[in-house]
Amino acid sequence: MIPFFKPTYDPDFLPELEEVLKSGWITTGPKTKLFEQRITEYCGHKRTLCLGSATSGLELILRWFGVGEGDEVILPAYTYCATANVVVHCGAKPVFVEVDSSFNMSVEDIKAKITPHTKVVMPVDFAGLPCDYDAINAWLEEEKVRSMFQPATKEQEALGRILVLSDAAHSLGATYKERRTGTLADISVFSFHAVKNLTTAEGGAI
C-alpha cells in the first residue's frame, strides 16, 4: 500500500493534544479561539472564523453574500472539484477561465468572462502560489466593471462590486508583494486538511 500522505509532528505536541482530549473540547472551544487569534495575528487580516473544512467555508461565504440561481461565479478551470461544487450547491453557475503559466487564473480571461450576472471571482492559489491579486482587484474596481454589477442583497449593495473570494486552501504562509495570504482578497478561506502545509487533520478557516 502506498499512503496518500504521511503526517509528521513534533513529539512536544503530544502533551498539548492530550490536554485537549481530556478537556472535552474536541471541536470548538478555547483552543479553537486561540487558533483563530494566532492565524489573525500571523496573517494580518481583521478576523478569523474556524470551521469544519475549507469547502464549507467557501459555501458559507457564497450563501452569506446571497449567491444563488441566475448568478455566476468565475473560477479557474484548473482546480479541485470542491471550488466548483460549492457554486453548484448554491444554485449558481460556475464560469471557468483559463490559467496562465503560473497555473493560476488568467486575468485577461477573467476580463473576458465578466457579465452582469457575475457576483464573485474566486481565485485559487494553486500549489500555494498566490494569484495576481493586485491585477484582479484593480480590474474589479474599474468603473466600467462596477457599473455592470447588479446587487440583489444588502451585502452586495454594501460592497457595490463583484466579491473577491480567495480559495487559499494551499497558501497559508505564502506572501505576495510582502503581504501574506489572508489579506489579499475581500475574504480568504484556508484549509487544514491532512495534506496541507498546516493541518489539524481536517478543518478550515474563513
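This section describes the overall fold, the central strands, the nonpolar cores, one helix and two backbone exceptions of a predicted model.

In the predicted model, the protein chain contains eight helices and nine strands. Its radius of gyration is 18 Å, close to the 17 Å that the globule rule gives for 206 residues, so the chain is as compact as a globular protein of that length. Taken along the principal axes, the C-alpha atoms of the chain fill a box of roughly 55 × 35 × 35 Å. Of the 206 residues, 44% are buried, and among the contacts between residues at least 6 apart in sequence, 57% join residues at least 24 apart.

Strand β5, which comprises residues 163-167, is mostly covered, with five of its five residues buried. Leu163, Leu165 and Asp167 point one way from this strand, whereas Val164 and Ser166 point the other way, and buried positions are thus found on either side. In a regular strand the side chains alternate between the two faces of the sheet. Strand β5 runs parallel to strand β4 (residues 118-121), to which it is joined by two bridges, and in this pairing valine 120 stands opposite leucine 163. Strand β5 is also joined by three bridges to strand β8 (residues 187-191), again in a parallel arrangement; here leucine 165 stands opposite isoleucine 187, and serine 166 has serine 188 as its bridge partner.

Strand β8 is likewise mostly covered, five of its five residues being buried. Ile187, Val189 and Ser191 are directed to one side of β8, while Ser188 and Phe190 are directed to the other, and all of them are buried. In addition to its pairing with β5, which is parallel, β8 is joined by two bridges to strand β9 (residues 204-205), and this second pairing is antiparallel. Within it, phenylalanine 190 stands opposite alanine 205.

The largest nonpolar core has 40 residues, and those with the most contacts inside it are Leu62, Met122, Leu140 and Leu165. Apart from this core lies another, of eight residues, among them Ile39, Leu172, Phe192 and Ala205. In soluble globular proteins, nonpolar side chains tend to be buried together. The surroundings of leucine 165, a residue of β5, can be given in detail: when residues up to four places away in sequence are not counted, leucine 165 touches Leu58, Ile61, Leu62, Val120, Val121, Met122, Pro123, Ile187 and Val189. Among these contacts is Ile187, the residue that stands opposite leucine 165 in β8.

Helix α2 (residues 30-43) has 14 residues and reaches 20 Å from its first C-alpha to its last, close to the 20 Å expected at 1.5 Å a residue. Thr32, Glu36, Ile39, Thr40 and Cys43 are buried in this helix. Seen down the axis of α2, the buried residues fall within an arc of 100°, so they line one face of the helix. The face turned away from this buried side carries the exposed residues Pro30 and Glu41. The buried residues of α2 pack against β1 (50-51), β7 (179-180) and β8, and one of them, Ile39, is also listed in the core of eight residues. The helix is followed by glycine 44, whose phi is positive, near 95°.

Positive phi values also occur in residues other than glycine. Most residues other than glycine have a negative phi, and most peptide bonds are trans. Alanine 127, which is not a glycine, nevertheless has a positive phi near 55°; alanine 127 is placed in the loop between β4 and α6 (133-141) and is exposed, with a relative accessible area of 60%. Lysine 177 likewise has a positive phi, of about 50°, although it is not a glycine. Lysine 177 lies in the loop between β6 (175-176) and β7, and is exposed as well, with a relative accessible area of 53%.

Note on methods
Residues are numbered from 1 along each chain as its sequence is written. This is a predicted model: local features need pLDDT of at least 70, side-chain atom pairs count only at pLDDT 80 or more; totals for chains, interfaces and linings use all residues. Side-chain values use heavy atoms; hydrogens and water are left out. A nonpolar core is a set of buried Ala, Val, Leu, Ile, Met, Phe, Trp, Tyr and Cys residues joined through side-chain atoms within 4.5 Å. Buried means under 20% relative accessible area, exposed over 50%, partly exposed in between (1.4 Å probe, protein chains only). Contact means heavy atoms within 4.5 Å. Helices (H or I, at least four residues) and strands (E, at least two) are DSSP runs, numbered from the N terminus. Two strands pair if DSSP finds at least two bridges between them. The expected span of a helix is 1.5 Å times one less than its number of residues. The arc is that of the directions from the helix axis to the C-beta atoms. The radius of gyration is taken over C-alpha atoms; the globule rule is 2.2 Å times the number of residues to the power 0.38.
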